[in-house]
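This report covers internal space, a surface patch and a backbone feature. The sequence and structure come before the details.

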Amino acid sequence: MPYENFKPVPGNSSHEAMSLSALNALVREAVNRTLPETYWVRAETSDVRVNVSSGHCYLEFIDKDEPSGQIAAKARGAVWARTFRLLKPYFEQETGQVFRSGLKVLINVSVEFHELYGYSLNVHDIDPSYTLGDLVRKRKEIIHRLQQEGIFGLNKELPFPSLPQRIAVITSPTAAGYEDFVDQLTRNKEGFPFYIKLFPAVMQGEKTEESVINALERLFPHAGLFDVAVIIRGGGATSELSSFDSYLLAANCAQFPLPVITGIGHERDDTIVDMVAHSRMKTPTAVASFLIECMNREAVQVQELESSIHAGATARITQEKTVLRLLATKFPLMITGRIEIHRNRLHTMTAHLSALPQWLRHCSERIGEISPRIRRAVDLTLSRNATFIDAMPLRLQNACGTILSGHRRKLELDEQYIKMTSPEYILKRGYTLTVKDGKIVKYAAGLSGGDEITVKFSDGERKATVL
């Protein structure tokens, strides 16, 4: 160790000391001598920042303990501009992800120690296949979670409307894809009417997930006014699709009460939002074509039904005309036959009428014989009914008394039960009622240390703080 780095300590101390700069220089030399090569390191990116003027990328690399999730190691890192200009587009093209914080990466680094800035890692290369594997694993975990919760296929089970005319669109109002979507719907050559309502959202960048969820929440109270919800995104980098692999956004789409159609504008593998949506199209214009085709399919069915009705009506008219011609031919013969039948009936009735006076005299004699018996039967029936009617008030009184007694007893039992189950009765028996933020606390797990609660007794209440 060079002697010139040491100087006597002022005062009475016999110790010799070196400056901090000298010590850090020794550390730098030791690091360069001990770790002269580059090393492949697994880590997670954090606090990624790009200096606009210089083009250098500054970040931190962290390593987390798997069971606890706590940070176990941390190091400053830098990707110099010349390297960053090459690595960033290469990484994003291979992984489909923006180079940002929170990514698991496999990087080739050299170790440096600077007297002023301390320990840091200089990045020379990156292996996108490692990050891609981690992203695939996360996607599988999210898909499995949605399936375990039973919501993965909920939106696909919704019945799709036959005439999807009322369209709620979630996208950026400035997106070119939105203009193309509206133009294609409103200018469709078949002239189908569509009613479009925009729910604005950010469709690129870190705020995409939160913004689209907020748009769905704004649409939810008015879902009954629309037939479908459309999520479209006009173009944009494939690397910015990670927001559509979000669990929260996918869960919101899967459970939305309207059929969701996506047209996010990419031809790679489906995002998770595409997977849970009712229908997935490649682009906004493809979504518009799909909706027009749905209308056209119904229009074709209507035209086919119209043709079928016209053909059926024409055939029926032809058939009825044939029947009428046959009737016109046979009508005179039918009328002659019917007249002859009625003439025979009149002759028969005339013969019966001539015998009617003798039959009436016979009936009159029989009625004279039967009348005394009828009177006796009527008198007997009236006598029996009079006895039954006289007893009716007493029977009604007894029946009403029995019914009223039963209802009175039931009311007494209900009153007793209500009193015994009332909060005042329970409090008087020595129990208490715990309230937090105006709501009754049912379980201890609902309380945390420091929570303000109110404990109600039969004679009052007291405030308390949970320890």
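## Cavity, patch and backbone

The largest cavity is lined by Leu59, Phe61, Val79, Phe84, Leu87, Lys88, Phe91, Phe99, Ile107, Val123 and Ile126. Two or more lining residues come from each of β4 (57-64), α2 (81-95) and β7 (118-126). With four residues, α2 gives the most to this lining. Sorted by class, the lining of the largest cavity holds 10 nonpolar residues, no polar ones and one charged residue. The space in the largest cavity comes to about 80 Å³, and a search of the whole structure finds one cavity of 30 Å³ or more. The model is predicted.

On the surface, Val323, Leu324, Leu327 and Met334 make a nonpolar patch of about 350 Å². One of these residues, Val323, belongs to helix α8, which covers residues 284-354. Val323 has a relative accessible area of 35%. Patch residues need over 30% relative accessible area.

A backbone feature occurs at Asp47, where phi is near 55 degrees, a positive value in a residue other than glycine. Asp47 sits in strand β3, residues 38-50.

The table sets Val323 and Asp47 side by side.

| Residue | Element | Relative accessible area | Class |
|---|---|---|---|
| Val323 | helix α8 (residues 284-354) | 35% | partly exposed |
| Asp47 | strand β3 (residues 38-50) | 40% | partly exposed |

Why does Asp47 count as partly exposed? Its relative accessibility is 40%, and partly exposed is the class in between buried, under 20%, and exposed, over 50%.

Key. Residues numbered from 1 in each chain as written. Predicted model: local features only at pLDDT ≥ 70, side-chain atom pairs only at ≥ 80, totals over all residues. Heavy atoms only, no water. Patch = residues over 30% accessible without salt bridge, like charges linked within 9 Å, V, L, I, M, F, W, Y side chains within 5 Å. Areas by Shrake-Rupley, 256 points an atom, 1.4 Å probe, with all protein chains shown as cover. Salt bridge = Lys/Arg side-chain N within 4 Å of Asp/Glu carboxyl O. Buried < 20%, exposed > 50% of the residue type's maximum accessible area, 1.4 Å probe, protein only. 1 Å grid on protein atoms, 1.4 Å probe; cavity = no way out; pocket = protein on both sides within 12 Å on 5 of 7 lines; lining within 4 Å. Points joined across faces, edges and corners; volume = space filled by probe spheres on them. Nonpolar A, V, L, I, M, F, W, Y, C, P; charged D, E, K, R; others polar.
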